[in-house]
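Reader: Hey, got a minute to walk me through this one? I'd like to talk about empty space and packing.

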Amino acid sequence: MSDQSPYEKLGVSEDASFDEIQDVRNRLLEQHGGDGIVRDVIEAAYDAILMERLRMRQEGKIKVPERIRFPEMRIPSSTQPDPTPGRQSPAWLQRSLDQPTFMDILLPGAWYLGLSAISLLYPGGSGQVLQLTLVAGLGIGIYFLNRKERRFGRAVLFTLVSLIVGLIAGGLIAGWILPLPLINLTGDQFSTLLTFILMWLVSSFLR
């Protein structure tokens, strides 16, 4: 085996083209991939042929394709680990979120905008008027949520939660910002407006 030339070790003729030599080398590596000794012999023979071809090229005896490089400059390919997939949202959240159309956002938004205008324009922010607008807003939210998947109980639950959260958050925030002179709103008006915004988001982006 040691007396064989690099061409004989690969089983190619000395006048074989570079593409033929490369194809034979790749095929042999596939056949003997599990045998490290045989792989070393194949690689050594292939490298020896490359070196000989490059030397002959420098002497002007043959023309070697430009893509041939010195063996020591070949960078072995390394297997890159698959990127870790990003974390997905919980299944219950994916089932609850909606991808609304423009009209799904516009229609409830127009209703809540009208109710907000009534709440702001009514003198003194009468408690009775605000209560009526909140009841109307509750009905609007239930209607637009229910028409998406016809799940009335779910629509009522989501809308009631948005009502409660909006009123509580509005009351807390109002106590902090309403003393500012530029905001001419009562605490009830501010809480009502914040509740309408939350109801609009729920009716538009949940299902």
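Author: Sure. One definition to start with: Ala, Val, Leu, Ile, Met, Phe, Trp, Tyr, Cys and Pro count as nonpolar, Asp, Glu, Lys and Arg as charged, and the others, Gly among them, as polar. Also, keep in mind that this is a predicted model.

Reader: OK, so by class, what does the lining of the largest cavity have?

Author: Five charged residues, three nonpolar and one polar.

Reader: Which residues line that largest cavity?

Author: The lining is made up of Leu145, Asn146, Glu149, Arg150, Arg151, Arg154, Ala155, Phe158 and Arg207.

Reader: And which helices supply at least two residues each to the lining?

Author: Helix H6 (127-149) and helix H7 (152-177).

Reader: How much space lies in there?

Author: About 50 Å³. The count of cavities of 30 Å³ or more comes to one.

Reader: Switching topic. Where does UniProt place the feature "transmembrane region"?

Author: The unreviewed UniProt entry puts that feature at residues 102-122, 128-145, 157-178 and 190-206. In the model, residues 102-122 are 95% helix and 0% strand, with their end C-alpha atoms 30 Å apart. For residues 190-206, the figures are 94% helix, 0% strand and 24 Å between the end C-alpha atoms.

Reader: Now packing. Which residues touch the most other members of the largest nonpolar core?

Author: Tyr112, Phe196 and Met199, out of 15 residues in that core. Helix H5 (102-121), H6, H7 and helix H8 (187-205) each give two or more residues to this core. H6 has the largest share, with six residues.

Reader: Anything beyond that core?

Author: There's a second, separate core of 14 residues, and Tyr7, Val12, Leu29 and Ile42 are among them.

Reader: Back to Phe196. What is phenylalanine 196 in contact with, leaving aside neighbours within four places in sequence?

Author: Tyr112, Leu115, Ser116, Ser119, Thr133, Leu134 and Gly137.

Reader: Serine 119 caught my eye. Is serine 119 buried or exposed, and why?

Author: Serine 119 counts as buried because its relative accessibility is 1%, and the cut-off for buried is under 20%. Its place is in helix H5.

Reader: And what is serine 119 in contact with, again skipping neighbours within four places in sequence?

Author: Leu130, Thr133, Gln189, Thr192 and Phe196. Thr133 also turns up in the contact list of phenylalanine 196.

Notes: Residues are numbered from 1 along each chain as its sequence is written. This is a predicted model: local features need pLDDT of at least 70, side-chain atom pairs count only at pLDDT 80 or more; totals for chains, interfaces and linings use all residues. Side-chain values use heavy atoms; hydrogens and water are left out. On a 1 Å grid over the protein atoms alone, a cavity is a set of points where a 1.4 Å probe fits but cannot get out, and a pocket is an open set with protein on both sides within 12 Å along at least five of seven lines; lining residues have an atom within 4 Å of a point. Grid points are joined across faces, edges and corners, and a volume is the space filled by probe spheres set on the points. Helices (H or I, at least four residues) and strands (E, at least two) are DSSP runs, numbered from the N terminus. UniProt positions are given in the numbering used here, feature names are shortened, and annotations may be inferred rather than shown by experiment. A nonpolar core is a set of buried Ala, Val, Leu, Ile, Met, Phe, Trp, Tyr and Cys residues joined through side-chain atoms within 4.5 Å. Buried means under 20% relative accessible area, exposed over 50%, partly exposed in between (1.4 Å probe, protein chains only). Contact means heavy atoms within 4.5 Å.
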